[in-house]
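Please examine the model shown below with attention to its charged side chains. The account that follows begins with one local pairing and then widens to the chain as a whole.

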Amino acid sequence: MAGFGNKGRLTTRRAALTLIGAGALAAGGITSAWAAVDDDEVLTEAKVLRDPDTPVAGNPDGNITIVEWSDYNCPYCRKLEPELRQVVQDDGKVRLVMKDWPILGPVSVTAARSALAAKFQNKYHPAHDALIGVSSRLTEPRINELLAGAGVDMDRLKRDLTDRGSDIDALLKRNNDQAEAFGFRGTPSFIVGKYRVPGVLSMNEFEQVIADARKAKMN
């Protein structure tokens, strides 16, 4: 990815706001992702963009990466999900890195841990879609109901939550440490190419930021 130095950290220090379209700017808060960050231990290309334990959607070989931090109980994440997926699908060259960041209470943690445990039976994406697709606040019984309905083997899930629990918790800690290092204050939050996007964008605004991120990558 353009802009990463020898240490694997983005070294660009310019705000790059002139590259952002007027529509995206109207959403507010879009800045150069690493412009105000200096944390070689937490924010490296490998850890933020290429963590092998983090689920990926879209085109795994895409030429632009979007990193999303989300919480299953976040109403804004739920509202945005279908629009973001449509943008990723329509573009065809976006790699979407999905970072669970359960910050809205214990049930959010349960939902995130359960979805990540489903990954060990290759069911993360059905689990994610089921949990993010509801309109009411989640409860633990509702989480189990939704996951079972999505085809998750619940006995296997319970075993993986026990046997792989420390790995899941370590991933969630990495996600949290990165979000805090970027200065994110809530969900959803994004990195789009070079840009830090703390908040919700419309489909048109996402398309604009993706286009601008591609232009910035060429500079």
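Within helix H6, which spans residues 140-149, Arg142 and Glu145 are three residues apart, or about one turn of the helix. The two residues form a salt bridge in this predicted model, and their closest N and O atoms are 3.1 Å apart. Arg142 has a relative accessibility of 29% and therefore counts as partly exposed, since that class lies between the 20% limit for buried residues and the 50% limit for exposed ones.

Salt bridges that share partners also join Asp51, Asp53 and Arg174 into one network. In the pairing of Asp53 with Arg174, the closest N and O atoms are 3.2 Å apart. Which parts of the chain does this pair tie together? Asp53 belongs to the loop between helix H2 (45-49) and strand S2 (56-58), whereas Arg174 belongs to helix H8 (residues 165-182), so the salt bridge links parts that are 121 residues apart in sequence. Both partners fall in the intermediate class of accessibility: Asp53 is partly exposed at 34%, and Arg174 is partly exposed with a relative accessible area of 27%.

Helix H8 also contributes Asp169, which forms a salt bridge with Arg113. Here the closest N and O atoms are 2.8 Å apart. Because Arg113 lies in helix H4 (residues 106-118) and Asp169 in helix H8, this pair ties together parts that are 56 residues apart in sequence. Asp169 has a relative accessible area of 37% and is thus partly exposed.

Why can such pairs form? Side chains of opposite charge can pair when their charged atoms come close. With a limit of 4 Å between a side-chain nitrogen of Lys or Arg and a carboxyl oxygen of Asp or Glu, the count of salt bridges comes to eight. Among them are the pairs Arg142 with Glu145, Asp53 with Arg174 and Arg113 with Asp169.

These pairings can now be placed in the setting of the whole chain. The secondary structure of the protein chain consists of nine helices and six strands. Among contacts between residues at least 6 apart in sequence, 74% join residues at least 24 apart. The protein chain has 219 residues, of which 47% count as buried. The area that the chain exposes is about 10,000 Å², and carbon and sulfur atoms supply 50% of that area.

Notes
Residues numbered from 1 in each chain as written. Predicted model: local features only at pLDDT ≥ 70, side-chain atom pairs only at ≥ 80, totals over all residues. Heavy atoms only, no water. Helix = DSSP H or I, 4+ residues; strand = E, 2+ residues; numbered from the N terminus. Buried < 20%, exposed > 50% of the residue type's maximum accessible area, 1.4 Å probe, protein only. Contact = heavy atoms within 4.5 Å. Areas by Shrake-Rupley, 256 points an atom, 1.4 Å probe, with all protein chains shown as cover.
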